[in-house]
Amino acid sequence: LVHERTPARRADIHGADGTAIVWQRPVYRVGIDKTLVPPELAETSAARLAPLLGIDVDNYVTQVRNADPRAFVIGLTVREGQVPVEIDDIPGALAQPGVMPLAPTSTWASGVIGTVREATADDIKAGQGAVAAGDFVGQSGLQKKYDEQLRGVPGHTIWLSPRPTAAIPSAGPSASASVSV
């Protein structure tokens with residue numbers, strides 16, 4: 001049996017008049033894809049990307065250095081239209097499209113509405129099975145207070161997968177083998 005979990009779509013937050021205040025908006029996860037850059041250039045690319053994103057250079061270079069060689073190391077998630085055009089000149093720099101529950105601007109009622117982020121390993125552990133990779137979790141304000149409700153219920157699909165067939169090794173023309181399944 002194979003189990004597949006589909007993350008729930010995080011709920012919108014509506015104002016008193018029913019107008020959506022927070023909903024799924026287009027974003028880009030900007031970072032270094034280590035599969036697209038020679039290993040010896042990954043740190044240099046990280047050092048060039050960090051100032052464009054306004055993040056700590058040393059911290060980001062360290063993250064890229066310590067990441068798996070197949071990793072996409074996100075520097076910052078930005079709203080649509082805020083990807084620096086200069087990333088095209090940085091080897092390995094990439095902007096992956098996605099969606100995220102956001103208010104109209106990054107500062108609009110942020111103290112009340114709060115913020116969300118993709119679940120970290122710590123969030124997953126603290127979630128005791130209710131939070132998985134790919135889920136968004138509330139970090140502050142209403143997003144944190146009502147996180148369980150806003151997070152929703154993930155979908156689950158269980159299906160029967162054919163059993164893989166194992167090849168029977170040959171030991172030569174006179175060898176015989178029996179296999180019990």
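This report walks through the overall build, one helix pair and two pockets of a predicted model.

## Overall build

Let's start with the inventory: the protein has 6 helices and 8 strands. Reading from the N terminus, the order of elements is β-β-β-α-α-β-β-α-β-α-β-α-α-β. The radius of gyration comes out at 23 Å, well over the 16 Å that the globule rule gives for 181 residues, so the protein is more spread out than a compact globule.

For a feel of the extents, take the principal axes: the box filled by the C-alpha atoms is roughly 80 × 45 × 25 Å.

## The α1 and α2 pair

Now for a helix pair. Helix α1 covers residues 39-53 and helix α2 covers residues 57-66. Their axes sit 9 Å apart, and the packing angle is about 145 degrees. As for handedness, the crossing of α1 with α2 is right-handed.

Who touches whom? On the α1 side the contact is made by A42, E43, A46, A47, L49, A50 and P51. On the α2 side, V57, Y60, V61, V64 and R65 meet them. By class, this contact splits into 10 nonpolar and 2 charged residues, with no polar ones.

## The largest pocket

If you're after open space, the largest pocket holds about 540 Å³. Its lining counts 25 residues, and the ones closest to the centre are M100, P101, L102, T115 and V116. The class split of that lining is 12 nonpolar, 9 polar and 4 charged.

Which elements supply at least two residues each to the lining? They are the strands β3 (20-33), β4 (72-79), β5 (93-102) and β6 (116-118), together with the helix α3 (110-113). Strand β4 gives the most, with 4 residues.

## The second largest pocket

The second largest pocket comes in at about 240 Å³. A set of 16 residues lines this pocket, and R5, P7, A8, D135 and R151 are the ones nearest its centre.

How does the lining of the second largest pocket divide by class? There are 6 nonpolar, 4 polar and 6 charged residues. Back in the largest pocket, by way of a reminder, 4 of the lining residues are charged and 12 are nonpolar.

Note on methods
Residues are numbered from 1 along each chain as its sequence is written. This is a predicted model: local features need pLDDT of at least 70, side-chain atom pairs count only at pLDDT 80 or more; totals for chains, interfaces and linings use all residues. Side-chain values use heavy atoms; hydrogens and water are left out. On a 1 Å grid over the protein atoms alone, a cavity is a set of points where a 1.4 Å probe fits but cannot get out, and a pocket is an open set with protein on both sides within 12 Å along at least five of seven lines; lining residues have an atom within 4 Å of a point. Grid points are joined across faces, edges and corners, and a volume is the space filled by probe spheres set on the points. Ala, Val, Leu, Ile, Met, Phe, Trp, Tyr, Cys and Pro count as nonpolar, Asp, Glu, Lys and Arg as charged, and the others, Gly among them, as polar. Axes are lines fitted to C-alpha atoms, for helices over the stretch in contact, and angles run from 0 to 180 degrees between N-to-C directions. A crossing is left-handed if the near helix is turned anticlockwise from the far one by less than a right angle, and right-handed if clockwise. Contact means heavy atoms within 4.5 Å. The radius of gyration is taken over C-alpha atoms; the globule rule is 2.2 Å times the number of residues to the power 0.38.
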